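Good morning, and thank you for coming. Please look at the structure as it appears on the screen.

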Amino acid sequence: VPVSQLSLAAAKEEIAPLRKQLTQWGKEYYEQDNPSVEDYVYDRAYQRLVELETRFPELKSADSPTQRVGGAVTTQLTKVHHDIPMLSMGDVFSVDELMDFNRRQQENGDVTVAPEYNLELKIDGLSLSLVYENGKLVQGSTRGNGTIGEDVTANVMTIKSIPHQLPEPLTLEFRGECYMPKASFVKLNQEREAAGLPVFANPRNAAAGSLRQLDPKVTAKRDLATFMYYVPEYQKLGVTTQAESLDRMRELGFSVNPNNRVVHSEEEIAAYIDEYTKQRDQLSYGIDGIVEKVNDLATENALGNTVKVPRWEIAYKFPPEEQATIVRDIVWT
Ligand SMILES: NC(=O)c1cnc(OC2CCCC2)nc1N
């Protein structure tokens, strides 16, 4: 029924469930990176709510999705298709499980996996894809669901650690993690608390909420950082191992986490995990485990991926910390 023909009572009837539905869809989209409806469904419902509140201003309420920060109509970021899917990682929760994964891999008849691994800290942020053409940064995007992400190019342009121009005319995609340093997270929440805004539950949510802004000026103020960690078309870099690809990215001016380590034995893997389990709290950024990758990149290719995750690398997750239950924040723009 067109809003113009609705009675106040009928409008009231319609508004409550509409707000509830939009808030739920907003959570799925903004917090879980996992929307249950297509954008046009969300936008159509949102427009209906805007019309109802415009026709019946007395029905407006501060907690309506239309009243969020900025109050601008929530349009979405444009979508980006990832030609090479941005896969998530299989994960294990104990060193024994990790060793079983390795043994299975060694026994993998069709590929003789040289037992050489590159170990990396698992940065607790959100995945980021950067595309360069002839050395110039042309696109930044999020993982999204692995094949469809969001365009955040204007936002990544404001992140200090991301080079706009490489020292070599490379046309290549680079992948890494966008994160918010712990100190920046604390400072941001103090500012939000003082301004009566809801705080972020953890640095990862703060990074996601800050990177996925429609307004780059907001992103610019959020002190986001990056650690780059993977080049899908590594052949173009002239490297043969994961460790070499990290060194090449350092040469190109990217921020790459300095704590990777090439190892050849279970003892060294256990030692690395033990060392960073202890050091975790001292790091200036959040980590939620370590990532073990077969170092030889050709072997990675031969091992390939299962439908969801690569076979050639695995994440070991630390036991969950006590997460303070702070009110979650949805950053609407
Ligand atoms: N959070 C991290 O620090 C991290 C995440 N992912 C990867 O590797 C990708 C490469 C292809 C699939 C996973 N490495 C990391 N260090």
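I shall speak about one sheet and then about the ligand.

This is a predicted model, in which local features need pLDDT of at least 70 and side-chain atom pairs count only at pLDDT 80 or more, while totals for chains, interfaces and linings use all residues. Residues are numbered from 1 along each chain as its sequence is written, and side-chain values use heavy atoms, with hydrogens and water left out.

Let us begin with the sheet. Five strands, in the order S2-S11-S10-S3-S9, form an open sheet with mixed pairing. Strands here are DSSP runs of E with at least two residues, and helices are runs of H or I with at least four, numbered from the N terminus; two strands pair if DSSP finds at least two bridges between them. At the edges are S2 (91-92) and S9 (261-263), each pairing on one side only. S9 is antiparallel to S3 (residues 117-123), with 3 bridges, and Asn118 has Val262 as its bridge partner in S9.

Now the ligand. Which strand gives the most to the shell around the ligand? It is S3, with 4 residues. Among the surrounding residues, those with a heavy atom within 4 Å, are Met89, Glu120, Leu121 and Trp312. By type, the shell has 7 nonpolar residues, no polar ones and 5 charged; Ala, Val, Leu, Ile, Met, Phe, Trp, Tyr, Cys and Pro count as nonpolar, Asp, Glu, Lys and Arg as charged, and the others, Gly among them, as polar.

Finally, a ligand nitrogen atom is 3.0 Å from a side-chain N or O atom of Glu120.

Key: Polar contact = N/O pair within 3.5 Å; in protein donor to acceptor, adjacent residues only side chain to side chain.
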